[in-house]
Amino acid sequence: MELQPSPLCILIVTLSTAAVFLLLCHLTASCRRRNPWCSCEVCETYLTVGWSKHHANLCDWYSDLLRRSPTKTVHIHILGNTITANPVNVEYMLKTRFENFPKGKPFSTILGDFLGHGIFNVDGDLWRFQRKMASLEFDGFSIRSFAFDTVRFEIEDRLIPLLLSVSETETRILDLQDVFKRFSFDCICKFSFGLDPMCLQLSLPLSEFALSFDLASNISAERAMKASPSVWKIKRLLNLGSEKKLREAIAMIDVLAQEVIDQKRRIGYSSIHKDLLSRFMRTVNDDKFLRDIIVSFLLAGRDTVASALSSFFWLVAKHPQVASEICEEVSRVIGNQQVTSFEQLRELHYLNAAVYETMRLYPPIQFDSKFCQKDDILPDGTFVKSGTRVTYHPYAMGRMEELWGPDCLEFRPGRWLEEGKFRPENPFKYPIFQAGLRVCLGKEMALMEVKTVALSLLRRFRVELATPAAEKPTGLRFSPGLTATISGGLPVKIRDISTGARASHK
Ligand code: HEM
């Protein structure tokens with residue numbers, strides 16, 4: 001009797017052959033750009049995770065390497081990644097030679113399943129089109145007041161009542177980072193899509209959309225950290241492990257994004273609708289592209305703001321005099337009134353300084369990479385071969401004595417003030433919002449959101465870290481992800497100080 005191979009056998013053999021073939025192709029391609037077998041001390045430390053003996057985060061190790069480099073630029077051979085903390089190089093790649101340092105194909109492949117052709121993941125005409133459309137949305141007085149009203153509503157009607165209910169129980173511990181993620185998710189959905197997901201109710205589990213979003217963002221970021229892309233590509237081909245989870249998370253995101261689009265079609269998206277999605281829907285009717293736009297704007301506006309707020313409250317809890325100075329300034333400038341506009345916030349120089357200082361030490365986007373198109377030489381003399389990944393590193397830049405002085409590791413908002421007035425820095429020395437041609441479009445909105453929340457909560461509550469004093473870390477530890485997320489969250493106790501005790505920060 002002749003044995004016939006079963007269809008399953010044929011499938012397995014075909015997939016395995018394809019996997020091996022792909023592996024070989026990728027190894028050959030990556031060898032041309034990088035050195036995957038480098039055994040220098042730095043590469044070995046990366047591969048064996050030896051850095052974790054002395055550093056809480058990979059970013060801290062990179063900061064250390066960059067601090068010790070005379071040019072403030074290093075090259076990690078096995079990753080084929082040139083990393084810089086030198087502002088002159090940053091200006092060169094983000095502005096002077098912008099066209100030679102696009103996001104590039106390798107990144108759009110890594111993030112492609114999750115972000116598709118959304119603004120974060122494209123170059124050229126696709127980027128220019130989205131940038132132009134979105135710029136129209138972000139400019140202008142009426143949109144600023146729409147954003148301000150959205151944030152105020154979310155604070156007054158949801159955030160403060162929630163924190164008040166928690167403050168009633170002496171012992172109740174709250175994960176403030178989770179609260180800020182819910183808060184910023186609601187705000188960005190209302191602002192970008194004109195829809196309210198009502199996440200800021202702790203009684204409700206975080207929506208499946210938000211959870212799938214976190215998962216997809218984390219797994220996509222992990223792809224970028226692999227020494228060879230072949231590993232995740234083969235796992236994706238065979239639908240295994242983290243790649244299987246990513247596929248499921250993306251399927252959920254697709255369903256929900258489609259719901260957002262359908263709901264918008266029902267509600268309408270004519271010019272009376274001020275949200276960003278309505279503006280795009282008046283021009284685009286490809287649902288897949290609209291889905292990509294939705295995902296990119298969620299990513300832009302949600303985790304970044306939650307990250308800035310979480311670091312801010314962690315730092316302020318450790319520096320209560322900063323909270324006192326913020327409250328003192330607001331009483332002096334606007335008295336006991338509420339802040340009523342975007343413009344009024346600009347008069348609060350110390351508050352602005354405290355927010356900038358927070359993001360100097362803890363940037364929500366800790367590093368950002370581009371890919372060099374044609375061989376180039378950075379202004380510090382570093383040669384960059386075509387196809388090399390080039391990363392500027394705001395987290396390390398905030399820790400450079402040469403840039404911020406010998407007290408660079410201290411949280412000192414005063415460094416941003418000159419005669420009591422906020423003095424902005426060169427954006428290439430402080431590229432927290434990126435800089436140059438692709439500077440963050442939501443910068444003003446994000447600053448307004450962070451400052452309004454900071455102010456509203458500091459005037460009303462005292463936020464205490466719940467970690468016992470002996471275990472309090474000196475710096476924050478982050479989970480892998482596209483934006484900085486504190487590992488383990490931000491457990492705090494909340495005390496209501498509104499009843500006649502506003503000065504009790506001392
Ligand atoms: C503290 C909060 C924020 C920080 C630190 C921040 C930072 C950044 C950074 C570093 C980039 C460049 C990313 C890259 O090219 O890979 C960026 C781009 C962008 N951001 Fe923000 N962002 C924040 C909040 C927001 C908000 C609230 C929105 C929208 C409402 C927004 C919208 C955008 C958009 C649309 C881009 C893409 C710009 C382009 O590629 O032309 N951001 N942001």
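This is a short tour of the structure in your viewer, with a suggestion at each stop for what to select.

**Before you start**

The model is predicted: local features need pLDDT of at least 70 and side-chain atom pairs count only at pLDDT 80 or more, while totals for chains, interfaces and linings use all residues. Residues are numbered from 1 along each chain as its sequence is written.

**The whole chain**

Show the protein chain as a cartoon. Its secondary structure comes to 20 helices and 13 strands; these are DSSP runs numbered from the N terminus, with helices being H or I of at least four residues and strands E of at least two. Of the 506 residues in the chain, 41% are buried. Here a residue is buried if 20 or more other C-beta atoms, placed from the backbone, lie within 10 Å of its own, exposed if 12 or fewer, and partly exposed in between. Contacts, meaning C-beta atoms placed from the backbone that lie within 7 Å, are also worth a thought: among those with a separation of 6 or more, 76% join residues 24 or more positions apart.

**Stop 1: the four-stranded sheet**

Select residues 73-76 for strand E1 and 81-84 for strand E2. Then add 389-392 for strand E7 and 368-371 for strand E4. Together they form an open sheet in the order E1-E2-E7-E4, with mixed pairing. E1 and E4 stand at the edges with a single partner strand each, so one side of each has no neighbour in the sheet. On average, neighbouring strands are turned by 25° against each other, direction ignored; angles in this tour run from 0 to 180 degrees between N-to-C directions, with axes fitted to C-alpha atoms, for helices over the stretch in contact.

Strands count as paired if DSSP finds at least two bridges between them. E1 and E2 run antiparallel and are joined by four bridges, with Val 74 partnered by Ile 83. These two strands make a hairpin with four residues between them, and Gly 80 in the turn has a positive phi of about 60°. On to E7: E2 runs parallel to E7, again with four bridges, and Thr 82 stands opposite Val 390.

**Stop 2: the helix on that sheet**

Now select residues 87-96, helix H4. H4 packs on the sheet, touching E1, E2, E4 and E7, and its direction makes about 120° with that of E7. Is H4 mostly covered or uncovered? It is mostly covered, with seven of its ten residues buried. To see the buried set, show Pro 87, Asn 89, Val 90, Glu 91, Tyr 92, Met 93 and Leu 94.

**Stop 3: around the ligand**

Centre on the ligand and look at the 22 residues around it; Ala 300, Thr 304, Cys 440, Gly 442 and Ala 446 come nearest. A residue belongs here if its C-beta atom, placed from the backbone, lies within 6 Å of the molecule. Which helix gives the most to this shell? H14 does, with three residues. Helices H6 (124-138), H13 (287-301), H14 (303-318) and H20 (443-460) each supply at least two. By class, the shell has 15 nonpolar, four polar and three charged residues. Nonpolar covers Ala, Val, Leu, Ile, Met, Phe, Trp, Tyr, Cys and Pro; Asp, Glu, Lys and Arg are charged, and the others, Gly among them, are polar.

**Stop 4: a helix crossing**

Keep H13 and add H11, residues 241-267: their axes come within 9 Å and cross at roughly 100°. That makes H11 roughly perpendicular to H13, a label used for 65 to 115 degrees. From H11, show Ile 253, Asp 254, Ala 257, Gln 258, Val 260 and Ile 261; from H13, show Asp 287, Leu 290, Arg 291, Ile 294 and Val 295, which complete the contact. The contact has seven nonpolar, one polar and three charged residues.

**Stop 5: the three-stranded sheet**

Finish with an open sheet of order E3-E13-E10 and antiparallel pairing. Its edge strands are E3 (174-175) and E10 (461-465), each paired on one side only. Two bridges join E3 to E13, residues 491-496, and Asp 175 stands opposite Pro 491.

Add helix H7, residues 141-167, which lies across E3, E10 and E13 at about 90° to E13. Pick out Ser 165 in H7. Ser 165 is partly exposed, with 13 other C-beta atoms within 10 Å. The C-alpha atoms of Ser 165 and Ile 494 are separated by 9.5 Å, with their positions 329 residues apart along the chain.

Conventions: Two residues are in contact if their C-beta atoms, placed from the backbone, lie within 7 Å. Angles under 35 degrees count as roughly parallel, over 145 as roughly antiparallel, 65 to 115 as roughly perpendicular and the rest as oblique.
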